[in-house]
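User: I'm new to this one and would like to learn how to read it. Could you walk me through it step by step?

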Amino acid sequence: MEKRLIFGFAIYVLGACNLTDKQHTDALATIDSLKTNLASAYTPGFGDVMRNNIQIEHEKLWYAASESNWLLAEHSLESLESGFKNLKHWKGDDPRAKFLDMIMPSAEAVSVSLKQKDLSAFKKKYAVLTNTCNACHRSTGYQYIVIKVPTGDHYGNQEFKIK
Ligand code: HEC
């Protein structure tokens, strides 16, 4: 996408008529510096997205659904799914990315249980989702990162129960 933008910009600048040699050289220099900026632009790493998005939403999803707060649970699940999609987009070339899609069927099954407002189905599907997290960690050499169904009262600053 970004490469296409630069390419389009280059065509536009270089194709514009009546460019002096100096303008032409300046335009090429601008394109070069844009390329350098893009190459060093920050994109979050695998661990960042796992920790700052996926781990959080996995936990919040549990607390929201456990309180039958279906809308909040769907909100968390969508954000969790976006985390996986973003990782695929940002880190598609990383060899570990080929395992990302394995989460989608279990996330979809959780989504169905939320739409049906079925707490007991949710708990079963959530367990499968959690096992899938760990299956991927084992496949990618991170067997020591073990995800479990949350226990205790975390996120004590957010209301999960709608009165
Ligand atoms: C591609 C398959 C894959 C799937 C599916 C997956 N993970 Fe991960 N996860 C990884 C990899 C790879 C790492 C190590 C990333 C790194 O540190 O570079 C990781 C790291 C983590 C970490 C540690 C982050 C840290 O602090 O460094 C947590 C927490 C985590 N994953 C949570 C989850 C949860 C929760 C799920 C399921 C909802 C999940 N992961 C599903 C591949 C996956």
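Analyst: Here is a short tour, going from the whole chain down to single residues. Keep in mind that this is a predicted model.

User: Let's begin with the overall build. How many helices and strands are there in the protein chain?

Analyst: The chain has 6 helices and 0 strands. Read along the sequence, that gives the pattern α-α-α-α-α-α. Of its 163 residues, 15% count as buried. You can also look at contacts between residues at least 6 apart in sequence: 55% of those join residues at least 24 apart.

User: How do I read two helices that pack together?

Analyst: Two packed helices are described by the angle between their axes and the distance between the axes. Now take helix 5 (residues 103-115) and helix 6 (residues 119-139): their axes are 9 Å apart, at an angle of about 165°. Angles over 145 degrees count as roughly antiparallel, so helix 5 and helix 6 are roughly antiparallel to each other. Their crossing is left-handed.

User: Which residues of helix 5 and helix 6 make the contact?

Analyst: From helix 5 come Ile103, Ser106, Ala107, Ala109, Val110, Ser113 and Leu114. Helix 6 brings Ala121, Phe122, Lys125, Tyr126, Val128, Leu129 and Thr132. By class, that contact has 10 nonpolar, 3 polar and 1 charged residues.

User: And how do helix 4 and helix 5 cross?

Analyst: Their axes come within 10 Å and cross at roughly 165°. That makes helix 4 roughly antiparallel to helix 5. Helix 4 passes helix 5 in a left-handed crossing. On the helix 4 side you'll find Trp70, Ala73, Glu74, Leu77, Leu80, Glu81 and Phe84, which meet Ile103, Ala107, Val110, Ser111 and Leu114 in helix 5. Sorted by class, the residues of this contact are 9 nonpolar, 1 polar and 2 charged.

User: Now the ligand. Which residues come nearest to the ligand?

Analyst: There are 21 residues around the ligand, and Gly47, Met50, Phe99, Cys133 and Cys136 come nearest. Helix 3 (46-66) and helix 6 each supply at least two residues of this shell. Helix 3 gives the most, with 7 residues. Classed by type, the shell holds 13 nonpolar, 6 polar and 2 charged residues.

User: How do I tell whether a residue is buried or exposed? Let's try Trp62: why does Trp62 count the way it does?

Analyst: You count the neighbours: a residue is buried if 20 or more other C-beta atoms lie within 10 Å of its own. Trp62, which is found in helix 3, has 22 C-beta neighbours inside 10 Å, so Trp62 counts as buried. Leaving aside neighbours within four places in sequence, Trp62 is in contact with Tyr126, Val149 and Pro150. The C-alpha atoms of Trp62 and Ser76 are separated by 9.1 Å, with the two residues 14 apart along the chain.

User: What about the backbone? Which phi value does Ser68 have?

Analyst: Ser68 has a positive phi of about 55°, although it is not a glycine. Look for Ser68 in the loop between helix 3 and helix 4 (70-90). Ser68 has 14 C-beta neighbours inside 10 Å, so this residue counts as partly exposed.

User: And where is Lys117 found?

Analyst: Lys117 is in the loop between helix 5 and helix 6. Lys117 has a positive phi of about 50° and is not a glycine. With 12 other C-beta atoms within 10 Å, Lys117 is exposed.

Terms used:
Residues are numbered from 1 along each chain as its sequence is written. This is a predicted model: local features need pLDDT of at least 70, side-chain atom pairs count only at pLDDT 80 or more; totals for chains, interfaces and linings use all residues. Axes are lines fitted to C-alpha atoms, for helices over the stretch in contact, and angles run from 0 to 180 degrees between N-to-C directions. Helices (H or I, at least four residues) and strands (E, at least two) are DSSP runs, numbered from the N terminus. Angles under 35 degrees count as roughly parallel, over 145 as roughly antiparallel, 65 to 115 as roughly perpendicular and the rest as oblique. A crossing is left-handed if the near helix is turned anticlockwise from the far one by less than a right angle, and right-handed if clockwise. Two residues are in contact if their C-beta atoms, placed from the backbone, lie within 7 Å. Ala, Val, Leu, Ile, Met, Phe, Trp, Tyr, Cys and Pro count as nonpolar, Asp, Glu, Lys and Arg as charged, and the others, Gly among them, as polar. A residue is near a molecule or strand if its C-beta atom, placed from the backbone, lies within 6 Å of it.
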